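Here are my notes on the model you sent, as numbered points. Please read them with the structure open beside you.

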Amino acid sequence: MMDTPQLIDPFDRTINYLRVSVTDRCDFRCVYCMSENMTFLPKKELLTLEELDRLCSVFISQGIRKLRITGGEPLVRRGIMDFFKSISRHLGDKLDELTLTTNGSQLTRFADDLAAIGVKRVNISLDTLDAQKFKDITRWGQLKKVLDGIKAAQAAGIRVKINMVALKGTNEEELEDVIRWCAEKDMDITFIEVMPMGDMGEEDRLDQYWALSDLRKRIEKTWELTDIPENTGGPARYVRVDKTGQKIGFITPLTHNFCESCNRVRLTCTGQLFQCLGQEKETDLRKSLRDNPDSDAPVIKAIHGAIALKPKGHDFSYDRKTVAGEMTRHMSHTGG
Ligand code: SAM
Ligand code: SF4
């Protein structure tokens, strides 16, 4: 049997993790992610579910072992469970893990199906446990629906990790409560620094930004933390809360930069491959796919060509009280 090829970038990093945005649409309008009157892409721009399946399968044939489905809100895309079912055929073979990042609003409908096809872990974004603040942050979301979604995922046997964006003046006061709540429910939690992605309309990035170095100092007033050497190849670094055993992650693209061990690339819902979340370089895989309906060879060539151009790291910075390295595209388009 032939060995699976590998994707190795110019800095000798093995790329085995693909994040895929399956839609730019969402049933929420989080204040740090999109403006309320967001304009979405025309449908024909999006990869069809069949194209997504074909492209993800090509990536898997070239050495991708972990697939994270995201968006926008992946579970609002019509027919998305057909895609999940189909792509799950690679699990236990060339694919080690199929997972998703979701706002949780649709999980009461889909948790059982996701568990049945082999999804073992999900990341659920939740920035507050206060119903009014939840409404203020998400504009259109309902906290209860998300809490029910979390319950449904856990009842289906899926392990849940909470993602919380650190928002100055908004969820600062709940920090300890949220950590306790996660510990009670046996969920890990990861904090994320607001990144300069996309135009927010009236919102100001620097007003939202709460450095995780400050957040960590605050947690340490209540609990002792031990650094864990675990490295998932992503931007997160982890600590353990000595008292509860709970794991806390910090995604700190602004205060620290861990690009040197990056193992991932991102595919947008329109089939553009971004070698780095924080850089503009992209490769149009949709064109390779659509121009070559009967052969994957040009797509494979384009993927390897893109990996050969993966940059060393991003340039995000809020130094000197200005936002630098800002990306015009939204996180929901590239897939957070
Ligand atoms: N809709 C899904 C969700 O909210 O989990 C998946 C897509 S969302 C873009 C993925 C993650 O990106 C979420 O945890 C969200 O909080 C985070 N996110 C969105 N915009 C961000 C920004 N500007 N800075 C940091 N994190 C952001
Ligand atoms: Fe939607 Fe997720 Fe963006 Fe919130 S963060 S608007 S839930 S895509």
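**Notes on the model**

1. D12 is exposed, its relative accessible area being 66%. This residue belongs to the segment before β1 (17-21). Its phi is positive, about 70°, although D12 is not a glycine. Keep in mind here and below that the model is predicted.

2. A second residue deserves the same check of its backbone. R139 is not a glycine either, and its phi is also positive, near 60°. It sits in the loop between α4 (131-138) and α5 (143-155). Is R139 buried or exposed? With 14% relative accessibility, R139 counts as buried, whereas D12 is exposed.

3. Now the protein as a whole. It contains eleven helices and twelve strands. Of its 336 residues, 56% are buried. Take the contacts between residues at least 6 apart in sequence: 73% of them join residues at least 24 apart.

4. Next, the interior. In soluble globular proteins, nonpolar side chains tend to be buried together. The largest nonpolar core of this model has 90 residues. Within that core, the residues with the most contacts are L67, F84, L114, I162, F191 and I219. Which helix gives the core its largest share? That is α1 (residues 49-61), with seven residues.

5. I162 is worth selecting on its own, as one of the core residues with the most contacts. Neighbours within four places in sequence set aside, I162 is in contact with I124, L126, I150, W181, C182, M187, D188, I189 and T190. I162 also falls in β5 (159-166), one of the elements against which the buried residues of α8 pack.

6. Helix α8 covers residues 212-222, and L212, L215 and I219 are buried in it. Why do they count as lying on the same side of α8? They cover an arc of only 50° around the axis, and this places them on the same side. An α-helix has 3.6 residues a turn, so residues three or four places apart point the same way. The face turned away from the buried side of α8 carries K217 and K221, which are exposed. On the buried side, the packing partners are β5, α6 (175-184), β6 (188-193), β7 (225-228) and β9 (247-251). I219 appears again here: it is among the residues with the most contacts inside the largest nonpolar core.

7. Helix α10 (residues 297-307) can be read in the same manner. Its buried residues are V299, A302, I303, A306 and I307. Viewed down the axis of α10, they fall within an arc of 135°, so they line one face of the helix. The elements covering them include α1, β10 (264-267), β11 (272-274), β12 (282-284) and α9 (285-291).

8. Within α9, look at R286. This arginine is buried, at a relative accessible area of 16%. Its C-alpha atom and that of V299 are separated by 8.8 Å, the two residues being 13 apart along the chain. What does R286 touch, residues up to four places away in sequence not counted? The list is K44, E45, L47, T270 and G271.

9. I64 lies in the loop between α1 and β2 (66-70). At 0% relative accessibility, I64 counts as buried. I64 and I15 are 49 residues apart along the chain, yet 7.0 Å separates their C-alpha atoms. I15 is also among the contacts of I64, and so are L7, N16, Y17, L18, F59, K94 and L95, when neighbours within four places in sequence are left aside.

10. The shell around ligand 2 consists of C26, F28, C30, C33, M34, G72 and N103. By class, five of these residues are nonpolar, two are polar and none is charged. C26 is buried, with a relative accessible area of 17%. C33 is likewise buried, and its relative accessible area is 17%.

11. One last point on cysteines. How many disulfides does a search of the whole structure find? The count is zero. C26, C30 and C33 do share a place in the shell around ligand 2.

Terms used
Residues numbered from 1 in each chain as written. Chains lettered and ligands numbered in written order. Predicted model: local features only at pLDDT ≥ 70, side-chain atom pairs only at ≥ 80, totals over all residues. Heavy atoms only, no water. Near = heavy atom within 4 Å. Nonpolar A, V, L, I, M, F, W, Y, C, P; charged D, E, K, R; others polar. Buried < 20%, exposed > 50% of the residue type's maximum accessible area, 1.4 Å probe, protein only. Helix = DSSP H or I, 4+ residues; strand = E, 2+ residues; numbered from the N terminus. Arc of directions from axis to C-beta. Contact = heavy atoms within 4.5 Å. Disulfide = S-S within 2.5 Å. Core = buried A, V, L, I, M, F, W, Y, C linked by side-chain atoms within 4.5 Å.
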